[in-house]
Each structure stands twice: as C-alpha cells, then as structure tokens.
Amino acid sequence: MSIEIANESGFDVDADAIVAVARHALVQMGVNPLAELSVLLVDSDYMAELNHRWMDKDGPTDVLAFPMDEDTIDHGPSESSGGQPSLLGDIVLCPEVAAAQALRYGSADPRMRTGDNVPDAPASGLHGDYGTADELSMLTIHGVLHLLGYDHAEPEEEREMFALQGKLLESWQARAAGGASGS
C-alpha cells in the first residue's frame, strides 16, 4: 500500500504514526494492497479555505476527504480492481483543529461530541491521556472511511460509520499498545 504524507501545517506531528493508522484501517477494511492514498496536514487558514471552497462552510474543520472518481473507490475484497492500483484519494487533516478538539472533548467517542455531552470547559480532567495524536488517529480513520464511501449525513449512515470507526480505532489502539508497528 502506498501512502504519501506531507506536513504543511507547521505543527510537529508523528507522520509515521498517521501513515501507520491509515494503513491499519485500509488493511482491516480489506482494501487492495496496491491502493494509493495521500495525506496532507495543513494549517487552519488553508483548511478554512478548503472547507469554504468544497463544503461551503466557514472556518477550519478537522478533516476533509477527497475521494478519486467514485468508480475507483475500492470497498474491499468483494470488489476486484483486477490487480491494478486503486487511487483512493486525499485526506486533509488540520492538526491545530485536532489539538483544540482533543482538549475540548477528551475522547474519540462521538457520543461525547454531540448535544448535552459536549463539555463547556476543557476535558483535561476526564481523559487526561487523550491528546492531539489520539485525535489525529481518529480523524485519519474517519477520512479513510469517507474515501471508502462511508458517510454520516443520515442517522443510519452515522451509526454505521461511527461504529466502524470505533472498532477500527479500538483495534488500532490495541495493536499500538501491544508494540506492533503498522500492518
């Protein structure tokens, strides 16, 4: 699997860890091993520009995913690409937003990010060990799932995508805790 990463954010991030979690998600999803993925880390100004241009929303966001042509999406072993490399697309991450979210939410659990569950103050007391790297791992998995065609626009889609995201993140964390690297 070819995963290219470029850090243009100005933030010091562990690029190898981001590549490893992306690879883990792709392998777990059964994506063709010849697949290609690009990850770009950007600053909040550029992310705000992308968010406005492509999503028609103001301000920076945490992650954007730009799948290649819908016909090239490789959903896993049930779809064969004939052994040809599949260009999955690009994931754009904003470490600055990820850092703020890690501090605010203190968890990758989507239930902590909606409605009455969103803390008014930084969540450092709740999950003091949850940081920017954890948030970037979750956002990378989120971006991979978008590239594979998952969405969360409708409640049923959201439940499916976030459940899968949680399982992938849990398996990644278990693997990382066990000292294994990549897949």
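Trp54 is exposed, with a relative accessible area of 52%, where exposed means over 50% relative accessible area, buried under 20% and partly exposed in between, with a 1.4 Å probe and protein chains only. The model is a predicted one, in which local features need pLDDT of at least 70 and side-chain atom pairs count only at pLDDT 80 or more, while totals for chains, interfaces and linings use all residues. Residues are numbered from 1 along each chain as its sequence is written, and side-chain values use heavy atoms, with hydrogens and water left out.

**Overall architecture**

- The protein chain holds five helices and four strands, both taken as DSSP runs numbered from the N terminus, with helices being H or I runs of at least four residues and strands E runs of at least two.
- Followed along the sequence, these elements give the protein chain the pattern β-α-β-α-β-β-α-α-α.
- The protein chain has 183 residues, of which 40% count as buried.

**The aromatic pair of Trp54**

- One aromatic pair is found in a search of the whole structure, and it is formed by Trp54 and Phe66 in an edge-to-face arrangement, at 5.8 Å centre to centre and with 70 degrees between the planes.
- For this term, rings of Phe, Tyr and Trp (its six-membered ring) pair if their centres lie within 6.5 Å, and planes under 30 degrees apart count as stacked, over 60 as edge-to-face and the rest as tilted.
- Because Trp54 belongs to helix H2 (residues 44–55) and Phe66 to strand S3 (residues 63–67), the pair ties together parts that are 12 residues apart in sequence.

**Helix H2 and the loop after it**

- Side chains of opposite charge can pair when their charged atoms come close.
- The count comes to one salt bridge, a term that requires a side-chain nitrogen of Lys or Arg within 4 Å of a carboxyl oxygen of Asp or Glu.
- Glu49 and Arg53 are the partners, their side chains meeting at 2.8 Å, N to O, and since they are four residues apart in helix H2, about one helical turn separates them.
- Both ends of the bridge are partly exposed, Glu49 with a relative accessible area of 40% and Arg53 at 47% relative accessibility.
- Asp56 lies in the loop between H2 and S3, where this residue is exposed with a relative accessible area of 64%.
- The phi angle of Asp56 is near 55 degrees, which is a positive value in a residue other than glycine.

**Strand S2 and contacts across the sequence**

- Leu37 is found in strand S2 and is buried, with a relative accessible area of 3%.
- Although Leu37 and Leu88 are 51 residues apart along the chain, their C-alpha atoms are separated by 5.5 Å.
- Val39 also has its place in strand S2 (residues 36–41), and at 1% relative accessibility Val39 counts as buried.
- Val39 and Val92 are 53 residues apart in sequence, yet they lie 5.8 Å apart in space, C-alpha to C-alpha.

**Helices H4 and H5**

- Ala133 is found in helix H4 (residues 132–147) and, at 57% relative accessibility, counts as exposed.
- Between Ala133 and Ala102, which are 31 residues apart in sequence, the C-alpha to C-alpha separation is 8.7 Å.
- On the surface, Asp151, Glu154, Glu156, Glu157 and Glu160 gather in a patch of negative charge.
- Such patches are made of residues with over 30% relative accessible area and no salt bridge, like charges being joined within 9 Å and nonpolar side chains (Val, Leu, Ile, Met, Phe, Trp, Tyr) within 5 Å.
- Lys and Arg count as positive and Asp and Glu as negative, while His and the chain ends are not counted, and the place of a charge is taken as NZ of Lys, CZ of Arg, CG of Asp or CD of Glu.
- Within this patch, Glu160 lies in helix H5 (residues 155–177) and, at 47% relative accessibility, counts as partly exposed.

Notes:
Areas by Shrake-Rupley, 256 points an atom, 1.4 Å probe, with all protein chains shown as cover.
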